[in-house]
Amino acid sequence: MKKRNIITAVVTIIISLPVFCFGWLFYGPFETARKYWICTAMSTASHKYLATAFFPDSVIDKYTDANFNTLEKVPKQDENRVKVEKKSDKITVEDVSVGLSSGKIMIIENPALVDISVCDYIGTSGLPLKNLIIQENAVGGINAGAYIEKEGSAHGSMPGGVIIKDGEIIYSEEFEKEEDGFCLIGFDNGNILKIGYVKTEAEVKAYKLRCGVSFGPPLIINGEPLIKAPGASLQPRTAIAQREDGAVLFLVLDGRQASSAGATLKNVQDLLLEYGAVNAANLDGGSSTSMEYNGKLINKPSDNGDEKRIPSAFVVKQGDSR
Amino acid sequence: MKKPEKLSLAAVIGISLGASAVVAFIVIAAVEIILKSI
């Protein structure tokens with residue numbers, strides 16, 4: 001074969017292969033792959049165009065209605081379900097995997113060590129997780145609450161929902177913005193992880209949290225899993241949970257990578273149930289998903305492995321600092 | 001011995017496009033099977 005023919009064939013294949021892949025994916029007989037593509041794109045904050053550019057609203061609605069409406073009514077938390085036992089300040093980190101994703105779980109035996117770190121520059125700039133941990137002189141942590149992408153403001157500088165620190169509401173969006181209210185996730189003075197929807201400042205105060213942020217949805221309440229449908233959105237995920245004995249679980253599952261495609265909310269829920277979680281909630285995911293321990297980033301964030309600037313983090317403090 | 005006929009440019013592009021379509025089908029079918037299995 002002539003050299004010219006070989007070059008022509010290679011160039012044709014390089015150009016046409018992605019076109020055919022997307023052609024088969026979008027218009028071929030591959031319903032499941034198409035559903036995952038649409039649901040994954042539509043559940044991101046800034047990549048919805050990957051679905052909207054190729055599919056009409058009717059197709060997007062068909063898939064997303066069937067896969068997003070997975071949340072049952074959130075039951076009231078049983079006050080006596082978690083008994084915080086006085087125990088060691090031991091922290092362990094384990095490798096985990098579920099479905100098509102892998103990541104890390106941090107088990108913090110003493111829930112009193114868990115706190116919130118909030119960026120000092122709200123409205124100006126977010127901070128990478130590393131800096132939020134240093135700011136609180138903590139030993140580790142995970143990204144936590146929501147943020148709003150606002151034109152003209154730096155990434156991660158505008159938190160979403162509510163932030164509570166040292167028992168005070170230090171930041172709050174307008175409650176009227178969200179019809180269902182904000183999902184509040186935080187710890188009370190008894191170091192119990194509290195999860196629930198709030199629509200007014202009075203409802204936030206009624207939780208009497210020492211620290212907390214907003215995200216969601218709740219995944220497990222009183223040991224009952226709330227996500228019933230399998231879901232089809234594969235994303236990097238961050239979650240927080242508490243076991244019956246009070247130990248706190250920080251979970252990160254990587255995504256958008258060849259080695260770890262991402263996890264559905266049900267994957268996260270199933271993994272946390274395996275680890276004995278009785279209450280659990282989803283936190284901000286996507287490229288925000290990050291976990292640090294002992295000064296090292298121990299997962300692989302999807303944004304080229306770099307920590308994104310975020311407004312808040314759940315951190316775990318030194319054993320004798322609380 | 002008879003010299004093999006030369007492939008025209010159009011034939012090369014056509015064969016390459018066909019091969020791409022088949023490979024792409026196999027790739028997406030594999031993805032479909034993996035996603036169905038989880």
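Here are some worked exercises on a predicted model with chains A and B.

**Exercise 1. Which elements of chain A have the lowest and the highest mean pLDDT?**

Start with the whole chain: the mean pLDDT of chain A is 90, and 95% of its residues reach 70 or more. Now go element by element. Helix 4 of chain A sits at the bottom with a mean of 74, while strand 13 (residues 248-253) of chain A tops the ranking at 98. Keep in mind that predicted coordinates should not be read in detail where pLDDT is low.

**Exercise 2. Work out which strands stand at the edges of the open sheet in chain A, and why one side of each is left without a neighbour.**

Step one is the order: 5 strands of chain A run 3-17-4-15-16, with antiparallel pairing. Step two, look at the ends. Strand 3 (114-118) and strand 16 (296-297) of chain A each have a single partner strand, so one side of each has no neighbour in the sheet. Step three, zoom in on one end: strand 16 of chain A pairs with strand 15 (residues 291-293) of chain A over 2 bridges. Within that pairing, Tyr293(A) has Lys296(A) as its bridge partner.

**Exercise 3. Classify the ring pairs that Phe26(A) makes with Tyr27(A) and with Phe55(A).**

Over all chains there are 10 aromatic pairs. For Phe26(A) and Tyr27(A), the ring centres are 6.2 Å apart and the planes stand at 80°; planes over 60 degrees apart count as edge-to-face, so that's the class here. Next up is Phe26(A) with Phe55(A): the centres lie 5.1 Å apart and the planes are again at 80°, so this pair is edge-to-face too. This second pair links distant parts of the chain, 29 residues apart. Phe26(A) belongs to helix 1 (residues 3-27) of chain A, and Phe55(A) to the loop between helix 3 (49-52) and helix 4 (57-68) of chain A.

What about burial? Phe26(A) is buried, with a relative accessible area of 5%, and Phe55(A) is buried as well. Tyr27(A), on the other hand, is exposed at 60%. To finish, put the pairs in context: ring pairs join Phe22(A), Phe26(A), Tyr27(A), Trp37(A), Phe54(A) and Phe55(A) into a cluster.

**Exercise 4. Why is strand 8 of chain A largely enclosed by the rest of the structure?**

Count the buried positions in strand 8 (residues 193-198) of chain A: 5 of its 6 residues are buried, so the strand is largely enclosed. Then check its partner. Strand 7 (residues 182-188) of chain A pairs with strand 8 of chain A in the antiparallel sense over 6 bridges, and one bridge matches Cys183(A) with Tyr197(A). These two strands form a hairpin with 4 residues between them, where Asn191(A) takes a positive phi near 65°.

**Exercise 5. Which elements give two or more residues to the lining of the second largest pocket?**

Take the volume first: the second largest pocket holds about 560 Å³ of space. Its lining has 20 residues, and those nearest the centre are Tyr36(A), Trp37(A), Thr40(A), Leu234(A) and Ala261(A). The elements that give two or more are helix 2 (31-42) of chain A and helix 1 (9-37) of chain B. Helix 2 of chain A gives the most, with 5 residues.

For chain B itself, the tally is 1 helix and 0 strands. Of its 38 residues, 24% are buried. Its accessible surface comes to about 2800 Å², with 76% belonging to carbon and sulfur atoms.

Technical notes: Residues are numbered from 1 along each chain as its sequence is written. Chains are lettered from A and ligands numbered from 1 in the order in which they are written. This is a predicted model: local features need pLDDT of at least 70, side-chain atom pairs count only at pLDDT 80 or more; totals for chains, interfaces and linings use all residues. Side-chain values use heavy atoms; hydrogens and water are left out. Two strands pair if DSSP finds at least two bridges between them. Rings of Phe, Tyr and Trp (its six-membered ring) pair if their centres lie within 6.5 Å; planes under 30 degrees apart count as stacked, over 60 as edge-to-face and the rest as tilted. Buried means under 20% relative accessible area, exposed over 50%, partly exposed in between (1.4 Å probe, protein chains only). Accessible areas come from the Shrake-Rupley method with a 1.4 Å probe; for residues, only the protein chains shown count as cover. pLDDT is the predictor's confidence in each residue, from 0 to 100. On a 1 Å grid over the protein atoms alone, a cavity is a set of points where a 1.4 Å probe fits but cannot get out, and a pocket is an open set with protein on both sides within 12 Å along at least five of seven lines; lining residues have an atom within 4 Å of a point. Grid points are joined across faces, edges and corners, and a volume is the space filled by probe spheres set on the points.
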